[in-house]
Amino acid sequence: MTLKRVVVTGLGAITPIGNSVEEYWNSLINGVSGAAPITYYDTEKHKTKFACEVKNFNIEDYMDRKESRRLDKFAQYAVAASDEAIKDAGLTLENADKHRIGVIWGAGIGGLQTFQDEVMYYAQGDGTPKFNPFFIPKMIADIAPAHISMRNGYMGPNYTTVSACASSANALIDAFNYIRLGMCDVIVSGGSEAAVTIAGMGGFNSMHALSTRNESPQTASRPFDATRDGFVLGEGAGALVLEEYEHAKARGAKIYCEVGGGGMSSDAYHLTAPHPDGIGVIAVMQNTLRDAGMTPDQVDHINTHGTSTPLGDVAELKAITAVFGEHAKNININSTKSMTGHLLGAAGAIESIASILAMKYSIVPPTINHTVVDENIDPSLNLTLNTPQKREVKVAMSNTFGFGGHNACVLFKKLED
């Protein structure tokens, strides 16, 4: 069978540096850090006292208070970002078949705040199992796409992918495959996360995964810098409307770009650490290029996983050099996590949006907070340090990796008729 072409027709974002795509993009190209002291709870006894929280978000801009109380924050972010993406796409039930519109969403954890609140409330009681009737429906990771589909009347495939920090990239790849196989016309895809909680921060701190640079939160996320000491936890959501090309043309939709391919692999190495030689990362990028029918020299830009961990950053850049050879020096490589922090299951979605907008505006956002050269990193690589760089981007890749060795990569390319 002939595979159908898939394009992106809508974008939506709720991030630590902006609660719309426009705000998010402006912050990216201006090098704005979303990190600041945590406001959600008392951090006195915590090792890390800062994160990239979403700011000035009011769920009542999207739904009434009674309804919002039935959604964990991760699902609230999902609804808000998808609302923007669907509006941006001009998608209605008058110009598309509701039975052929799906929602495939990513979340690495789901309703962690809800789980934490309910268990702590129970522990403070006399042992009687008193729980909110919305405890389970608020907590489970699949509930975000359920709310999106019910809100919009979409009756196609509806589920959540869970692969830690690769979750939303896996969701995008699934959506891409469903459409190109002819099983759907449109899929709202992306991911959301809201893990800036006592349990979330405490858990990651116990793994020594988070930066503890409490004296300077805004500069704590410093991918590729020799003094990096861990990632900064972020939260939010990214939504993309993926659509079959002829369907999008027929309804006169605005088209951002084409989805060229997607790849997946496993490190099969360690629960949390990447393989030091990046063999799984090499495989995922090679798989993506093969799926897209493209060669390494055609890639202009890579938005890396780049979490700002000592091991992960080096392994990923080694893998890029292994896959792209001499051409790696011609690629604009960056990590937008230097500004947003690490949105876990939502990372692949918001970083895909950043890659698409770099293509649209011919500007690659910077990797901020870099001050000290790491001797373990090839100095010939262009890491787009501290300042955005103008260049034409025809092909962009977005890398996303998760605990457990899950690797996913999505390739976007400028539309050619």
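How many disulfides does the structure hold? The count comes out at zero, in what is a predicted model. A disulfide is a covalent bond between the sulfur atoms of two cysteines, so the distances between cysteine sulfurs are the place to look. Take Cys184: its closest cysteine sulfur belongs to Cys257 and sits 19 Å away, which is too far for a bond. Cys409 also has Cys257 as the owner of its closest cysteine sulfur, and there the gap is 14 Å, again too far for a bond. A pair would have to come within 2.5 Å to count as a disulfide. Both of these cysteines are tucked away from the surface: Cys184 is buried at 1% relative accessible area, and Cys409 is buried at 0%.

Next comes a strand on the inside. Strand E4 covers residues 101-106, and six of its six residues are buried, so the rest of the structure largely encloses this strand. Its side chains take two directions: Ile101, Val103 and Trp105 point one way, while Gly102, Ile104 and Gly106 point the other way, and all are buried. What does E4 pair with? One partner is E6, in the parallel sense and over six bridges. Within that pairing, Gly106 stands opposite Gly191 of E6. Another partner is strand E5 (residues 158-161), also in the parallel sense, this time over four bridges. Here Trp105 has Thr160 of E5 as its bridge partner.

Just before E4 there is a charged residue to follow up. Side chains of opposite charge can pair when their charged atoms come close. Arg100 does this with Asp185, forming a salt bridge with 3.0 Å from N to O. This pair ties together distant parts of the chain, 85 residues apart: Arg100 is in the loop between helix H3 (73-89) and E4, and Asp185 is in the loop between H7 and E6. How covered are the two ends? Arg100 is partly exposed at 27% relative accessibility, whereas Asp185 is buried at 14%.

The loop between helix H7 (167-180) and strand E6 (186-193) also holds Leu181. Together with Met1, Leu3 and Met183, Leu181 makes a nonpolar surface patch of about 440 Å². Leu181 itself is partly exposed, with a relative accessibility of 40%.

Back to charges: how many salt bridges does a search of the whole structure find? The answer is 15. One of them joins Arg65 to Glu60, with the closest N and O atoms 3.0 Å apart. Arg65 is out in the open, exposed at 55% relative accessible area, and Glu60 is partly exposed at 40%. A salt bridge between Asp225 and Arg222, at 3.8 Å from N to O, has another setting. There, Asp225 is buried with a relative accessible area of 0%, and Arg222 is buried as well, at 8%. Salt bridges also link Arg228, Asp313 and Asp374 into a network.

Asn303 is a polar residue worth a stop. It belongs to strand E9 (residues 301-303). Is Asn303 buried or exposed? It turns out to be buried, with a relative accessible area of 0%. Leaving aside its neighbours within four places in sequence, Asn303 is in contact with residues from several stretches of the numbering, including Asn334 and Thr336, then Glu351, Ala354 and Ser355, and further along Met397, Ser398 and Asn399.

Finally, a word on backbone angles. Which residue other than glycine has a phi near 50°? That is Leu344, where the value is positive. Leu344 sits in the loop between helix H12 (337-340) and helix H13 (347-361), and it is buried, with a relative accessible area of 4%. Ser362 is not a glycine either, yet its phi is positive at about 55°. The place of Ser362 is the loop between H13 and strand E11 (363-364). In contrast to the buried Leu344, Ser362 is partly exposed, at 25% relative accessibility.

Notes
Residues are numbered from 1 along each chain as its sequence is written. This is a predicted model: local features need pLDDT of at least 70, side-chain atom pairs count only at pLDDT 80 or more; totals for chains, interfaces and linings use all residues. Side-chain values use heavy atoms; hydrogens and water are left out. Buried means under 20% relative accessible area, exposed over 50%, partly exposed in between (1.4 Å probe, protein chains only). Contact means heavy atoms within 4.5 Å. Patches are made of residues with over 30% relative accessible area and no salt bridge: like charges are joined within 9 Å, nonpolar side chains (Val, Leu, Ile, Met, Phe, Trp, Tyr) within 5 Å. Accessible areas come from the Shrake-Rupley method with a 1.4 Å probe; for residues, only the protein chains shown count as cover. A salt bridge is a side-chain nitrogen of Lys or Arg within 4 Å of a carboxyl oxygen of Asp or Glu. Two strands pair if DSSP finds at least two bridges between them.
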